[in-house]
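User: I should like to learn how to read surface and core features in a model of this kind. Could you take me through them one at a time?

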Amino acid sequence: MIKQIKTHLNNSIKSILGQKVEFVKQDEQAFTCKRSLTLGTMIRTILGMGEKSLSKELLDAKLTVSNSAFIQRRYQIKPEAFYDLFKEFTAPIPLNTDFPIFAAYVSDICIPLNPMDTETSIQTKTDVKSYNFIHINALYDLTAGVYRDVSIQDKHAQALIQMIEASPFRESSCYHE
């Protein structure tokens with residue numbers, strides 16, 4: 001199943017690459033030369049990025065380019081490229097079912113510094129100033145176009161499983177413990 005999903009994603013990316021004139025900003029020279037940061041490389045790299053710094057993400061992707069070069073190439077891609085890629089990739093998903101299709105959004109939000117707040121204060125090194133943040137998990141129902149649940153927690157707490165367990169769809173036949 002994973003292999004089929006990867007194949008479908010690669011085919012969806014190829015579809016976008018076949019229409020690159022529509023998805024590249026005005027500069028007609030953008031993505032025409034033989035460079036290490038092709039449109040396909042950029043899309044795949046951006047999709048594969050996590051929460052690391054850009055430098056670490058580029059190292060993980062085995063790209064030997066500067067952060068500045070990557071950012072400049074990124075700005076040559078119109079946001080519509082990713083929107084159309086999403087539509088192309090998700091087109092086979094049947095949306096007229098009784099089961100919802102959820103997307104999870106997870107983010108850490110910096111809040112004002114308060115070293116006395118032990119629930120949100122993070123100290124990475126002893127000689128570095130601490131910082132505070134909260135962890136947000138949001139569960140979005142793609143079929144209905146609404147957020148179904150949100151959890152705001154301290155530090156790196158994980159709430160996605162709790163939200164699914166609290167979901168009214170937990171008792172459906174598609175849920176397995």
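Analyst: Let us begin with one side chain. This is a predicted model, and in it Ile5 has a relative accessibility of 40%, so Ile5 counts as partly exposed. Ile5 lies in helix α1, which covers residues 2-17.

User: Which residues make the nonpolar surface patch with Ile5?

Analyst: Met1 and Ile2 join Ile5 in a nonpolar patch of about 350 Å². As for the surface as a whole, the protein chain exposes about 12,500 Å², and 57% of that comes from carbon and sulfur atoms.

User: How should the largest nonpolar core be read, and which of its residues touch the most other members?

Analyst: In soluble globular proteins, nonpolar side chains tend to be buried together. Here the largest nonpolar core has 16 residues, and Ile16, Leu37, Ile43 and Ile77 touch the most other members. At least two residues of this core come from each of α1, α3 (39-48) and α6 (79-90). Across the 177 residues of the protein chain, 26% count as buried.

User: What is the order of the elements along the protein chain?

Analyst: The chain has seven helices and four strands. Starting at the N terminus, the order is α-α-α-α-α-α-β-β-β-β-α.

User: Where is Lys62 found, and is Lys62 buried or exposed?

Analyst: Lys62 sits in the loop between α4 (54-60) and α5 (67-74). The cut-off for exposed is over 50% relative accessible area; Lys62 has 72% and is therefore exposed. Its backbone also deserves attention: phi of Lys62 is near 60°, a positive value in a residue other than glycine.

Technical notes. Residues numbered from 1 in each chain as written. Predicted model: local features only at pLDDT ≥ 70, side-chain atom pairs only at ≥ 80, totals over all residues. Heavy atoms only, no water. Patch = residues over 30% accessible without salt bridge, like charges linked within 9 Å, V, L, I, M, F, W, Y side chains within 5 Å. Areas by Shrake-Rupley, 256 points an atom, 1.4 Å probe, with all protein chains shown as cover. Salt bridge = Lys/Arg side-chain N within 4 Å of Asp/Glu carboxyl O. Buried < 20%, exposed > 50% of the residue type's maximum accessible area, 1.4 Å probe, protein only. Core = buried A, V, L, I, M, F, W, Y, C linked by side-chain atoms within 4.5 Å.
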